[in-house]
Amino acid sequence: MLSARPTRRSVLRATAALSAAGLSAVRTGSAQAQAKLPVTLVLANSQWLDALRGKSLWGAVLEYQKVAPHVTLEQEAIPSAEFDNRLTTEFGAGQGPDIAIMQEGLFYSIADAGFLVDLAPVAQGVANLNRTNDNGMVRGKRLGLAWQRAVYALIYNKPILDTAHAAVPKTVEELIASARSTTAATGAIGFTARHQIADFSGWFMDFQNWAFGYGVNWVDGKKITIDTPEALAAFRAFRQMYDAKILPIGDSMPTQRTRFKENKVAFSIDNSGGTLNIVSGGALAARDLHAAPLPFPKPGAHQQIFLGVNSNGKHKDEALAFLHWLMGPNGQLALRKASGPDALATDVPVTEEFRTANPWADTFVDLAKNSRSTLIPGYEVETTQIMRPVMEALERVIVGGADPKAALVDAQRRVDQQF
């Protein structure tokens, strides 16, 4: 049963009681920092493994070594599918990197367990932090600063659409029609998207676009609401797309992105980071990829990534000094050049050079103004647990032919048992 499984939150809290008790507050300006002794800072991030973009992001942070030559930055590169479990284990054991670059869900779990340093000294020195940093406040403490915010859009290969004389869709029905016409005219895959429970963490975040697009909130006041008319509409729309056979069933998201990169896909729903990967180093020219709002009635989601400093780290003062540089104008400019249209911690604009070369960038910038977090307000730490039965229900609907309403009723029952 769902309620019998230990949560990541409970595991972290239990370990925190043993390994984090008695930690003293961070004191900036330590003797080591003053003496400029050699220091190695380890930065954990799944993005270090991204094709081309990972190299660009790493090159951006390495700029810090020019202003702090006593510091050596070292990668902890972990595949995204393994990242949450690996970091949870490391932090729970009182180990882990000096700085973790984490998706919002993992950030809340690590923060909730007491494993992150208060970043107020850094934030107080940055006058222009924007709203991407808002959710970095946990129980009144600044435990996270924004690394990137990646919003979702409908992306498409314009030459394929032009060849097929296909329209840019504004509804799911139009998406199905345009995807089918592009396949018929060019042989290209009509549409790509995550659709498998094996990729649960990525799929539930991607599916929030369908849910939010049909008005789902997942919570009403303090009550978790799974079985709603809005969720039913989202389930039916996703099944309609799945049943239309415009999707390469069984392909992982990396495979689907590779095919888009190879000019073999017409449409996809992806975030700005994934889109930057698609136009980096492949056959698809950046100018040939365009973007449009999602084909849903309401705005979609974004993935927020936070930086956090490990309270068990040996070089907390140096980690804070690095973050102060990264939040400053030089650090933000370096990160902007590697981040495409992702929203950053400050409002450093997308460069004109990037905008000119990437006609899809402005759409992502515009959509980020009204997008929503993939996490459930008030249940940020528990979102993953709540969404597990929801996505299992959706899988039964699209793969097993289950009735959407009955599947949502069962998901509500399972969630109610725990919460």
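# Salt bridges, strands and cores

Lys158 has a relative accessible area of 31%, so this residue counts as partly exposed. The model described here is predicted. The points below cover salt bridges, one helix, one strand with its partners, and two nonpolar cores.

**Salt bridge within helix H8**

- Lys158 forms a salt bridge with Asp162, and their closest N and O atoms are 3.0 Å apart.
- Both residues belong to helix H8, which covers residues 158-164. Asp162 and Lys158 are four residues apart, or about one turn of the helix.
- Asp162, like its partner, is partly exposed. The relative accessibility of Asp162 is 42%, a value between the 20% limit for buried and the 50% limit for exposed.

**Salt bridge between helices H18 and H19**

- Arg414 and Glu392 form a salt bridge through their side chains, with an N to O distance of 2.7 Å.
- Arg414 sits in helix H19 (residues 404-418), while Glu392 sits in helix H18 (residues 383-400), so this pair ties together parts that are 22 residues apart in sequence.
- Arg414 is buried because its relative accessible area is 14%, which is under the 20% cut-off.
- Glu392 is partly exposed, at 21% relative accessible area.

**Salt bridge network**

- In total, the structure holds 19 salt bridges.
- One of them joins Asp50 to Arg53, where the closest N and O atoms are 2.6 Å apart.
- Arg53 has a relative accessible area of 7% and is therefore buried.
- A network of salt bridges links Asp50, Arg53 and Asp342.

**Helix H14**

- Helix H14 runs over residues 316-327 and has twelve residues.
- At 1.5 Å a residue, H14 should span 16 Å, and its end C-alpha atoms are 16 Å apart, so the two values agree.
- Ten of the twelve residues of H14 are buried, and the helix is mostly covered.
- The buried residues of H14 include the charged residues Lys316, Asp317 and Glu318. Leu320, Phe322 and Trp325 are also among them.

**Strand S10 and its partners**

- Strand S10 covers residues 265-271, and seven of its seven residues are buried, so S10 is largely enclosed by the rest of the structure.
- Strand S6 (residues 145-157) runs antiparallel to S10, and five bridges join the two. Ile155 has Ser268 in S10 as its bridge partner.
- Strand S7 (residues 189-192) pairs with S10 in the parallel sense, over three bridges. Phe191 stands opposite Phe267 of S10.
- In a regular strand, side chains alternate between the two faces of the sheet.

**Nonpolar cores**

- Which residues touch the most other members of the largest nonpolar core? They are Phe191, Phe207, Trp210, Trp218, Ile226, Phe267 and Met391, in a core of 60 residues.
- The elements that give two or more residues to this core include S6 and S10, along with helices H8, H18 and H19. Helix H9 (172-186), helix H10 (200-213) and helix H11 (229-243) are also among these elements.
- Leaving aside residues up to four places away in sequence, Trp210 touches Val172, Ala234, Ala237, Phe238, Met241, Ile269 and Phe296.
- Another core, of 38 residues, lies apart from the largest nonpolar core. Leu43, Leu320, Trp325 and Ala338 are among the residues of this other core.
- Leu320 and Trp325 are also among the buried residues of H14.

Methods: Residues are numbered from 1 along each chain as its sequence is written. This is a predicted model: local features need pLDDT of at least 70, side-chain atom pairs count only at pLDDT 80 or more; totals for chains, interfaces and linings use all residues. Side-chain values use heavy atoms; hydrogens and water are left out. A salt bridge is a side-chain nitrogen of Lys or Arg within 4 Å of a carboxyl oxygen of Asp or Glu. Buried means under 20% relative accessible area, exposed over 50%, partly exposed in between (1.4 Å probe, protein chains only). The expected span of a helix is 1.5 Å times one less than its number of residues. Two strands pair if DSSP finds at least two bridges between them. A nonpolar core is a set of buried Ala, Val, Leu, Ile, Met, Phe, Trp, Tyr and Cys residues joined through side-chain atoms within 4.5 Å. Contact means heavy atoms within 4.5 Å.
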